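Reader: I would like a close look at a single part of this model. Please start with the strands and work outward from there.

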Amino acid sequence: MYNVAVILGAGNGTRMGIDKSKMLLEIGGKTVIERSVAAFSDMPEIDEIIVVCRECDVDLFSQLITDEDVSFVIGGETRQQSVMNAVETIDECDYIIIHDGARPLVTQKAIINTLDKAQECRAAATGVTVKDTIKVVDDNLAIVDTPDRSRLISIQTPQIFDFGLYKEALKKAQADSKDYTDDCQLVENLGTKVYAVQGDYDNIKITTKSDIPLAENILKMRGEL
C-alpha cells in the first residue's frame, strides 16, 4: 500500500489582510504549513507528501520543511488545478490524501479513520455534524427552506480517494469543462458515493486573524503548547 498526501498551501493572505501567505503565520512558534505537514510526516500510513504552494513561496517553504519525503509543486489558479498539478507528479499510488494546509490542527486519529473508510469504500472525507440551524435563502435573503440539521455535515479535510478513481474524476471534470472547489464534489460528479467520517470540531481552518489565538488555545487544551 502506497499513499500520498497532497497538502494545499497555494492560497494568499488576502482575507487575512496580510501581504504574505497565511501558511507562514505562526501558531505557538511554528508556521501553519509546518504544523499541517507535521501531522502527516511521521505516520507509517503516509509514504510521500506533496506540498502545493505558490512559486514565490517554494524557497521559504523548503527551508522550513526539510523532510526528504516532502516535495513541492507549484499551485494552479484554482484548487482543482492545484491538485491536478500534484497528481501529474505521482507515478502511481493507492490512495491520495488531500488536505488543506490551512487546517494545521488535524489529528492523526482523524486521518487514520478517514483512510480506513476510504480503503473500505474508495472515497471518504472527514467532517462534523452541523450545530447550528441552517437556512436556505433566495436572492433577496428571504428564507425558503430549513434543512434537517441531523442530515447535514460540515465537510473538512482530509478527503481521501482511491487514486485511480480520483484521476478518472479529474478527467471527467476536464471533459465537462468543470472546475470544482471541493474534491468530494469532483468525485461525486462520477456518480460515486463519498462517505463522511465523523471528525473533530477542533480541525478549524485558518481563515481570519482571530483563528490564530483560537488555534493556540486549542493546542493548549490538548497539552501541545
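In which sense do β1 and β6 pair, and over how many bridges?

Author: Bear in mind that this is a predicted model. β1 and β6 pair in the parallel sense, over 6 bridges. One point of contact is easy to find: Leu-8 stands opposite Asp-100 in β6.

Stay with β1 for a moment. The strand covers residues 3–9, and 7 of its 7 residues are buried. Both of its sides are covered. Asn-3, Ala-5, Ile-7 and Gly-9 point one way, Val-4, Val-6 and Leu-8 point the other way, and all are buried. β1 also pairs with strand β4, residues 48–53. Those two strands run parallel and are joined by 6 bridges. Here Val-6 stands opposite Ile-50 in β4. So β1 has pairings with β6 and with β4.

β4 ends at a cysteine worth checking. The strand spans residues 48–53, and Cys-53 is buried because its relative accessibility is 0%. The structure holds 0 disulfides. Cys-53 is in none, and the nearest cysteine sulfur, that of Cys-56, is 8.2 Å away. Cys-121 is likewise unbonded. Its sulfur is 13 Å from the closest cysteine sulfur, in Cys-184, and that is too far for a bond.

Now go back to β6, residues 95–100. Besides β1, this strand pairs with β10. The sense changes here: β6 and β10 run antiparallel, joined by 4 bridges. Ile-98 of β6 stands opposite Gln-159 in β10.

β10 takes in residues 153–162. It is largely enclosed by the rest of the structure, because 7 of its 10 residues are buried. β10 also pairs with strand β7, residues 123–129. That pairing is antiparallel too, with 6 bridges. Thr-129 has Ile-153 in β10 as its bridge partner. Read as a chain of neighbors, β4 pairs with β1, β1 with β6, β6 with β10, and β10 with β7.

Return to Asp-100, the residue opposite Leu-8. Its side chain meets that of Arg-103 in a salt bridge, 3.7 Å from N to O. Both partners are covered. Asp-100 counts as buried because its relative accessibility is 7%. Arg-103 counts as buried because its value is 11%.

Other charged pairs are worth a look. The whole structure has 10 salt bridges. Asp-183 forms one with Arg-79, where the closest N and O atoms are 2.9 Å apart. That pair links distant parts of the chain. Asp-183 lies in helix α6, residues 183–188, and Arg-79 lies in helix α3, residues 79–87. The two residues are 104 apart. Asp-183 is buried, since its relative accessible area is 2%.

Contrast Asp-176 and Lys-172. Their salt bridge has its closest N and O atoms 2.7 Å apart. Asp-176 counts as partly exposed because its relative accessibility is 33%. Lys-172 is partly exposed as well, at 30%. Elsewhere, salt bridges that share partners join Arg-79, Asp-100, Arg-103, Asp-183 and Lys-205 into one network. Asp-100 therefore serves two descriptions: it stands opposite Leu-8 of β1, and, at 7% relative accessibility, it is a buried residue in that salt-bridge network.

Next comes helix α5, residues 163–175, which holds Glu-168. Glu-168 counts as partly exposed because its relative accessibility is 45%. Glu-168 and Leu-186 are 18 residues apart in sequence, and their C-alpha atoms are 9.9 Å apart in space.

Finish with the second largest pocket. About 180 Å³ of space lies in it. Its lining includes Pro-104, Leu-105, Val-106 and Thr-107. Lys-30 and Glu-224 also belong to the lining. Two helices, α1 (32–41) and α7 (211–222), each supply at least two lining residues. α1 gives the largest share, 4 residues. By class, the lining has 6 nonpolar, 1 polar and 5 charged residues. Among the lining residues are Glu-34, Arg-35, Ala-38 and Ala-39, as well as Leu-219 and Arg-222.

Conventions. Residues numbered from 1 in each chain as written. Predicted model: local features only at pLDDT ≥ 70, side-chain atom pairs only at ≥ 80, totals over all residues. Heavy atoms only, no water. 1 Å grid on protein atoms, 1.4 Å probe; cavity = no way out; pocket = protein on both sides within 12 Å on 5 of 7 lines; lining within 4 Å. Points joined across faces, edges and corners; volume = space filled by probe spheres on them. Nonpolar A, V, L, I, M, F, W, Y, C, P; charged D, E, K, R; others polar. Buried < 20%, exposed > 50% of the residue type's maximum accessible area, 1.4 Å probe, protein only. Pairing = 2+ DSSP bridges. Disulfide = S-S within 2.5 Å. Salt bridge = Lys/Arg side-chain N within 4 Å of Asp/Glu carboxyl O.
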